[in-house]
Number of protein chains: 2
Amino acid sequence: MKRSIGARTVMYPTPVMVVGTYDVDGKPNAMVAAWGGICCSVPPCISVSLRKATYTYECLMERKEFTISIPSKNYVEEADYLGLASGRDTDKFKDTHLTPERAEHVNAPFVKEFPVSIECRVIGIHELGLHTQFIGEILDVKVEDDCLIDGTPDTDKIGPFLYSPGNSSYFATGEFLMKAFTCGKKFMRK
Amino acid sequence: MKRSIGARTVMYPTPVMVVGTYDVDGKPNAMVAAWGGICCSVPPCISVSLRKATYTYECLMERKEFTISIPSKNYVEEADYLGLASGRDTDKFKDTHLTPERAEHVNAPFVKEFPVSIECRVIGIHELGLHTQFIGEILDVKVEDDCLIDGTPDTDKIGPFLYSPGNSSYFATGEFLMKAFTCGKKFMRK
């Protein structure tokens, strides 16, 4: 039996996306966001929603370019900190000893230590309420060599983790279950 | 060292969201989608991107109301099938022996067997390219009794799984790592 828990932001899983921008003075900044993900295949696009109060919102409105770095589970504490402090008050890269590296295709920094970085240019901005949704066209994806198998990113090697909104917790990615677009074929009518 | 793999739809994790709609004749339909997630806290909103070719797109443009059901990992094959077949050709609920149940606040069905269902009304439609992004305001969330602890959804009990775009695979949610908004405090300057 299901029970109503009201109108709440519940979703499992949500991603842990680290948004990299330069501020107006060129200082690298990074914040963590969980409200977003892939939103179009052609052109490849990613969405990320930010509160207007964040420094990244300000940087993004100015620059219109950003990166998404995906942290591995070795960096849970660093990623969490990127959501606790504001780039207005401190240099979060210095605080966490993470390294900002300039992206190739956009004027934004990614986190060198994280295994995946996605370079994006803003092509849409949607005011939704407390959050503003930015649509970024993905211009390039870069992955650590040792996280690729035959040129394809390998989930286990990347070791991404996820955020659970209900109990505000981070969880690891678990075991492989089944292949997509394949395992459901058993229900196909003959 | 990072290597470019081009402009691709890479994100870890992406959710497995089952979108429930009624078609114009009132037949319940469900499809699986991974391009979406929470996109605003106030009002609580969820986004889901669909290709125009899908039957759900057609139903959604007609009805402007939908549900998102989150399957547990016991239903990987059923969920996968919901992305393989089209509601234009078959009744996917019958094929999978899943049960459509009418939502309380919207004119759309959710999947009775799945532990979480989210009732949504479309408040925005964004044409992005191959995909159209629907923004749904969350009107209510319903969770199976035995997946709640003190009224809060419990990730382990829900047992959600995730989709990995790179290698088209489903993975379980793994072990608890750390508490969010807490574990990063060690980097705070004194």
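This is a chat about a predicted model with chains A and B.

Biologist: How many residues does each chain bring to the contact?
Modeller: Chain B gives 96 residues and chain A gives 97.

Biologist: Which strand gives the largest share on the side of chain B?
Modeller: Strand E15 of chain B, residues 169–179. That strand supplies 11 residues.

Biologist: And by class, what is on that side of chain B?
Modeller: There are 50 nonpolar, 29 polar and 17 charged residues.

Biologist: What turn lays chain B on chain A?
Modeller: A turn of 180 degrees, with a shift of 0.0 Å along the axis. The RMSD is 0.0 Å. That is how a two-fold axis relates two copies. The same surface serves both copies, as 100% of the contact residues of chain B recur in chain A.

Biologist: Which residue of chain B comes closest to the rotation axis?
Modeller: B:Gly174, with its C-alpha at 1.8 Å.

Biologist: On to sheets. What is the strand order in the open sheet of 6 strands?
Modeller: The order is E2(A)-E14(A)-E15(A)-E15(B)-E14(B)-E2(B). The pairing is antiparallel.

Biologist: Which are the edge strands?
Modeller: Strand E2 of chain A and strand E2 of chain B, 14–15 in each. Each pairs on one side only.

Biologist: What does E2(A) pair with?
Modeller: Strand E14 of chain A, residues 161–164, over 2 bridges. A:Thr14 has A:Tyr163 as its bridge partner there.

Biologist: Which strand of chain B does E11 of chain A join?
Modeller: Strand E1 of chain B, residues 2–6. They run antiparallel, with 4 bridges. One partner pair is A:Val143 and B:Arg3.

Biologist: New topic. Is strand E4 of chain B buried or exposed?
Modeller: Buried: 6 of its 6 residues are, so the strand is largely enclosed by the rest of the structure.

Biologist: Which way do its residues point?
Modeller: B:Pro28, B:Ala30 and B:Val32 point one way. B:Asn29, B:Met31 and B:Ala33 point the other way. In a regular strand, side chains alternate between the two faces of the sheet.

Biologist: What pairs with E4(B)?
Modeller: Strand E3 of chain B, residues 17–22, antiparallel over 6 bridges. B:Val18 stands opposite B:Val32. The hairpin has 5 residues between the strands, and B:Gly26 takes a positive phi near 90 degrees.

Biologist: Which residues touch the most other members of the largest nonpolar core?
Modeller: A:Val18, A:Ile46, B:Val18 and B:Ile46, in a core of 116 residues.

Biologist: What is B:Val18 in contact with, leaving aside neighbours within four places in sequence?
Modeller: Its contacts include B:Ala30, B:Val32, B:Ile68, B:Leu82 and B:Phe114.

Definitions and conventions. Residues are numbered from 1 along each chain as its sequence is written. Chains are lettered from A and ligands numbered from 1 in the order in which they are written. This is a predicted model: local features need pLDDT of at least 70, side-chain atom pairs count only at pLDDT 80 or more; totals for chains, interfaces and linings use all residues. Two residues are in contact if their C-beta atoms, placed from the backbone, lie within 7 Å. Ala, Val, Leu, Ile, Met, Phe, Trp, Tyr, Cys and Pro count as nonpolar, Asp, Glu, Lys and Arg as charged, and the others, Gly among them, as polar. Two strands pair if DSSP finds at least two bridges between them. Copies are superposed by least squares on the C-alpha atoms of residues with pLDDT of at least 70 in both. A nonpolar core is a set of buried Ala, Val, Leu, Ile, Met, Phe, Trp, Tyr and Cys residues joined through C-beta atoms within 7 Å. A residue is buried if 20 or more other C-beta atoms lie within 10 Å of its own, exposed if 12 or fewer, and partly exposed in between; C-beta atoms are placed from the backbone.
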